[in-house]
Amino acid sequence: MKIVSSCLCVLATAVLAAAPPPGATVRFHQTDAMSLPVIADAAVDWTTIPVLATFGDRDYPTELQLYADRDNVYLRAVLKGKNGALRGESSPRDADLAADDALTLYFDPGAAALNSYRFTVNCRNAVADAESWNTAVDLPIRSRTGETADGWLAEVTIPLDWLEADAGQGFFRFNAERQVSSGNVTPLVVAWGDTPPVTLPDAYVKTYRLNGAHLNLWSNDAMLPLFVGPATPAATLAFQAPDGILTVSGSEGRHGTLLVNSANGREQFPLDFHDGQASVKLPLERLPDTFNCLAVVRNAAGQPAIAAGRGVRAALPYDRPIGNLLAATETAQFWTAPAGYKIMDYDLPGPAGDGTLRWSCAGNEYEGVSLVVRPLQSRDYTVSVSEFTGPDGHRLPVDAVTPFAVEKVMVVTPVDAFGHSGYWPDPLAPLADGEQLHCPARGNKTLYLRSHVPAGTPEGVYQGTVTLADGSRTTVIPAELTVYDFTLPRRTLMRTAYAPWNHFEYFMGATEPAEQEKLYRLMIETMAEYRLSPGLFFRYDPVDVDEAGNCDFTAFDRQADYVFGQLGLGDFNVGYHWTTPAFPFNTPTSELTAERHIYRQLIEHLKAKGYLDYAFFYQIDEPGEIIFDWVKRQLDTYHELAPEIKRLLTVTTAPENLQPLIGSVDIWVPILSKYQPEFYRQRQQAGDEVWWYVCMFPRYPYPANNIDSPGILPRIRFWMAEKYQISGSLYWAADYLGPDGAAGGVRNPWDNGGTYAWNGAILSNGDGMLFYPPCRVIQDKPLLARPLPSLRAEAIRDGLEDREYFVLLAAEIDRLAAIPEAAELTEKLKDAQQAPDQLIDSLTEFDYTPEHLLAQRDRIARLIGEARHQFPPTGESR
């Protein structure tokens with residue numbers, strides 16, 4: 001067969017450097033073509049094909065080569081690092097290859113996000129393939145394998161027509177995964193009680209991916225875009241998309257074709273160039289949320305140049321001007337944005353307002369606002385915040401408004417349709433009075449101003465200033481903080497359990513037990529400031545249990561009185577870290593005599609202290625259906641030991657499969673994507689509590705806690721909790737560092753925002769880490785200081801405090817029910833209870849605009865104030 005002069009061009013995802021124009025409704029991740037040499041031989045001569053990519057680690061590198069003719073794509077992988085210790089048999093098709101040395105290829109034909117296919121070949125050329133990850137299908141892919149001196153190689157042929165890639169100009173998406181066997185022929189199994197053992201493949205194989213994106217659940221960014229077409233001459237192409245207009249730029253372009261590929265099909269548009277540009281009006285009304293574009297541009301000689309990108313059709317916050325311009329000088333712009341925006345370097349301010357920075361809060365509430373500086377040249381500003389003075393000369397404390405520099409961290413691998421690689425704002429570094437704020441040239445530097453107004457502060461507008469001086473010019477920004485006529489309670493009604501992993505002790509040089517204990521207590525104090533209960537308070541203050549099973553609560557009480565009394569926290573897990581020694585639950589109930597005695601003492605003690613309602617059992621996490629019988633027995637054992645303590649269970653199972661556990665669970669905690677209103681409403685009506693959680697998944701458009709997601713997501717999740725009457729929020733970690741996926745060792749979150757599994761796979765960005773170490777490098781000597789917060793931690797606390805508005809609103813409705821003259825006002829308050837419905841249609845369909853959420857919050861606050869003014873509570877006068 002004659003090979004034509006064509007090759008495979010691999011398009012590597014990158015980020016647009018230019019700012020999107022005002023009014024943009026589509027943003028693009030631009031990709032650039034990379035040419036391979038033209039081959040004109042009757043067979044692929046792999047010695048002439050350069051290595052396209054190398055992935056893996058030092059011990060197990062994998063080299064990947066790709067080539068295409070008009071009929072097929074040819075792939076060759078050289079898998080090094082196994083010196084004769086290969087594992088795998090020449091098995092029938094679709095045999096279990098989970099423990100073998102194997103190569104898996106993932107495909108999205110046509111880049112349409114409709115079907116994803118998996119093709120696995122082991123070192124003995126045994127094949128297993130599937131559609132959409134788990135439906136068995138025989139793919140039209142041919143393969144062969146062979147051993148080498150230091151490993152093995154695989155050659156694969158994939159038909160272009162199956163990839164829906166037309167000869168000469170085809171577009172699809174792809175990823176590769178290498179599985180390295182440990183050589184352990186006995187699979188590692190885990191058994192629970194008397195249930196059948198469960199095999200855990202990841203425990204005895206290592207996994208490496210060409211793109212580090214997690215592939216257990218399919219997502220757009222797990223796949224790399226690929227283009228099949230002629231080798232391209234040098235060309236500079238750029239995508240822009242204001243108001244649905246896609247502009248393709250190529251200095252030598254004369255004519256060409258634009259292909260728009262999506263789940264709704266493929267459309268083709270001609271490109272006619274004038275002065276190096278061609279524009280196409282995209283059919284946004286026919287496109288889904290994500291789609292792929294491919295431009296093939298030809299010069300006067302007919303030579304092609306190629307550009308491609310993935311678009312996201314959504315009116316997201318940073319696709320349009322944000323906030324308002326406050327002031328402008330010949331050297332810089334100063335503008336403002338409300339809490340809930342993550343200000344990127346390419347964001348631009350909205351129209352000029354009256355020049356005043358404004359935000360609002362209640363007593364004992366934290367709330368922030370952004371002051372953004374955009375200088376033409378790099379500058380250092382000295383920042384100072386004045387006192388704020390309100391009605392009748394009342395002054396807020398000097399520390400009522402704290403300035404933070406919003407720092408940025410690198411996102412290497414985006415994991416959902418919203419994110420992109422690059423620097424994202426997240427850590428908050430407090431600025432002392434007079435401390436300098438460094439502002440790079442032509443970028444946005446955000447100064448986050450966070451207010452905390454003392455309880456009982458008189459209502460009204462408090463005025464102050466924020467001053468920024470760069471040595472040659474001083475800019476004074478007027479500021480107004482509106483304080484509402486009520487105070488939030490110290491203890492948050494919505495329950496929380498956000499686990500500290502104590503990972504910062506490694507980063508901060510704390511090697512001694514006393515140092516680690518100090519960091520643990522500082523973390524709890526920090527989380528209390530964010531209204532987050534760690535769930536595990538008693539790591540260093542357990543109940544001492546003697547040989548007779550008698551409990552000494554001295555240390556326990558000291559810690560409990562501190563966290564429940566002084567810090568205002570609650571909600572603790574009695575399944576872990578509260579006794580010394582700890583005891584298991586793997587014996588029949590009839591043999592738990594000692595445990596029963598211990599728990600009776602605990603219950604009576606908690607009753608006497610008033611802490612019993614805070615306790616819950618949480619020892620089983622996300623069980624699979626295969627062990628539900630064992631789970632039910634364990635939960636029933638907990639109930640027999642301590643019937644007064646509720647049993648909490650996290651679940652990733654669809655509600656229709658949870659029937660066997662009904663009656664054995666008191667607190668249901670589904671992962672957010674498995675929350676089904678009808679089922680869980682029934683559980684609430686039966687007297688059970690319902691919480692929910694996020695953990696790596698689900699991702700955008702679900703409202704999770706990722707760095708590279710809209711800033712409003714963590715906050716609006718608590719408005720969703722109000723809509724569905726969810727009573728608690730659980731989170732797997734608050735300070736997880738984990739490994740560095742690229743270099744091994746402990747991750748530095750200041751350099752890499754990725755959350756990695758222990759096998760090096762990227763799971764998410766920032767997930768499990770709401771706080772940052774207060775140092776940017778790993779310490780040789782102990783640094784015993786409080787962690788720094790993130791924008792995401794701020795948003796979570798804002799959401800928890802927003803729910804307190806609804807608690808106060810309901811209390812006012814109840815109070816006014818006995819006052820006939822308040823009937824009209826009561827109806828207004830009841831109408832305000834429906835505010836979440838104005839913002840939220842479902843868990844994936846909601847209003848992203850922070851101004852709209854804040855407007856509903858302000859409406860509720862003013863109605864609460866109106867009720868208290870018109871009909872003062874007993875004992876109060878106005």
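Two strands count as paired when DSSP finds at least two bridges between them. In this predicted model, strand S26 (residues 332-338) and strand S28 (residues 366-375) clear that bar with seven bridges, running in the antiparallel sense. One of the contacts puts Ala-332 opposite Pro-375, its bridge partner in S28.

The S26-S28 pair belongs to an open sheet of six strands, ordered S25-S26-S28-S33-S30-S31 and paired antiparallel. At the edges sit strand S25 (324-328) and strand S31 (422-430); each has a single partner strand, so one side of each goes without a neighbour in the sheet. On average, neighbouring strands here are turned by 30° against each other, ignoring direction.

Moving on to the helices, H4 covers residues 593-609, which makes 17 residues. From first C-alpha to last, H4 reaches 25 Å, close to the 24 Å expected at 1.5 Å a residue. Quite a list of H4 side chains is buried: Glu-595, Ile-598, Tyr-599, Gln-601, Leu-602, Ile-603, His-605 and Leu-606. The cover over these buried residues includes helix H3 (554-566) and helix H5 (628-641), along with strands S37 (543-545), S38 (551-552), S39 (572-573) and S41 (615-617). Just past the end of H4, Gly-610 adopts a positive phi of about 80°.

Then there are the salt bridges, 49 of them in the structure. Arg-144 and Glu-155 make one, with their closest N and O atoms 2.7 Å apart. This pair ties strand S11 (residues 142-148), home of Arg-144, to strand S12 (residues 151-159), home of Glu-155, across eleven residues of chain. The two ends sit in rather unlike surroundings: Arg-144 has 55% relative accessibility and so counts as exposed, while Glu-155, at 16%, is buried.

A longer reach along the chain comes with Glu-529 and Arg-786, whose closest N and O atoms are 3.2 Å apart in a salt bridge. Here 257 residues separate Glu-529, in helix H2 (residues 513-529), from Arg-786, in the loop between strand S48 (771-772) and strand S49 (788-789). Both partners are partly exposed, Glu-529 with a relative accessible area of 24% and Arg-786 with 33%.

Helix H3 brings its own example, as Arg-558 meets Asp-541 in a salt bridge of 4.0 Å, N to O. Asp-541 lies in the loop between H2 and S37, 17 residues away from Arg-558 in H3. Arg-558 is exposed at 54% relative accessible area, whereas Asp-541, at 2%, is buried. Finally, some salt bridges join into a network, linking Glu-365, Glu-367, Arg-715, Asp-798, Asp-802 and Arg-857.

Terms used
Residues are numbered from 1 along each chain as its sequence is written. This is a predicted model: local features need pLDDT of at least 70, side-chain atom pairs count only at pLDDT 80 or more; totals for chains, interfaces and linings use all residues. Side-chain values use heavy atoms; hydrogens and water are left out. Helices (H or I, at least four residues) and strands (E, at least two) are DSSP runs, numbered from the N terminus. The expected span of a helix is 1.5 Å times one less than its number of residues. Buried means under 20% relative accessible area, exposed over 50%, partly exposed in between (1.4 Å probe, protein chains only). Contact means heavy atoms within 4.5 Å. Axes are lines fitted to C-alpha atoms, for helices over the stretch in contact, and angles run from 0 to 180 degrees between N-to-C directions. A salt bridge is a side-chain nitrogen of Lys or Arg within 4 Å of a carboxyl oxygen of Asp or Glu.
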